[in-house]
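Reader: I'm new to this one. Could you walk me through what I'm looking at?

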Amino acid sequence: MARTKEFDPDAALQAALELFWRRGYEATSMADLVEGLGIARASIYATFGSKRELYLRALERYSEQQDPDRLNDLSRPGPVLPAVRALVRRYAEAGEEDRKRGCFVTNTAVELAPHDPAAARRVEASLDHLETALTSALLRARAQGELPAGREPRALARMLVVLMQGIRVVGKAADGGTRARDAAEQALALLD
């Protein structure tokens, strides 16, 4: 007869997400996970598989938690460009704690995606989701007369995705906030 789990796997996954997000994949050891999740190594392996599998599940959880919240305003009725500007500025004006921690997807893109195909696919899926949401919003903005007819919504969406991910990387530097805000304002001027 199988034993009943003596911990909440959902809470353990959330704790792993926070730990990996703060420290990264390589800097997080199994000992760190045992301590941070408050469960035995054998329980981690039995529930989540390897450290890598746990990381990938944490990345999926992060995407599920982040994407809907940050993109809801893009699909609301009414003017679209204020929502696009607010989204970009939210990236650029993140507080120091958020800037230092960065975006878990962006951190994965930098640390794992170059040599881990599964991580790269998850990063690409997240970027595609953001690009699709921005493209749809910018198509609506053009249809509503907010965006000049000569502007290409998909190209602008891609530029904004690259900018926002770059903001997360540059934001980790000491003066990253100032650079991020300046870059965001220059990019947003292209929407006029």
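**A look at α3**

Author: Let's start with helix α3, where Ala42 and Ala46 are exposed on the other side from the buried residues; exposed means over 50% relative accessible area, buried under 20%, with partly exposed in between (1.4 Å probe, protein chains only). This is a predicted model, where local features need pLDDT of at least 70, side-chain atom pairs count only at pLDDT 80 or more, and totals for chains, interfaces and linings use all residues. Residues are numbered from 1 along each chain as its sequence is written, and side-chain values use heavy atoms, leaving out hydrogens and water.

Reader: Which residues in helix α3 are buried?

Author: The helix covers residues 41-48. An α-helix has 3.6 residues a turn, so residues three or four places apart point the same way. The buried ones in α3 are Ile44, Thr47 and Phe48. They sit on the same side of α3 because they cover an arc, taken from the directions from the helix axis to the C-beta atoms, of only 80°.

Reader: What phi does Gly49 take just after α3?

Author: Gly49 comes right behind the helix. Its phi is positive, at about 85°.

Reader: How many helices does the chain have?

Author: Helices here are DSSP runs of H or I with at least four residues, strands are runs of E with at least two, and both are numbered from the N terminus. The chain has zero strands, and its helices come to ten.

Reader: What share of the chain's residues count as buried?

Author: The chain has 192 residues. Its C-alpha trace spans about 65 × 40 × 30 Å along the principal axes. The buried share is 45%.
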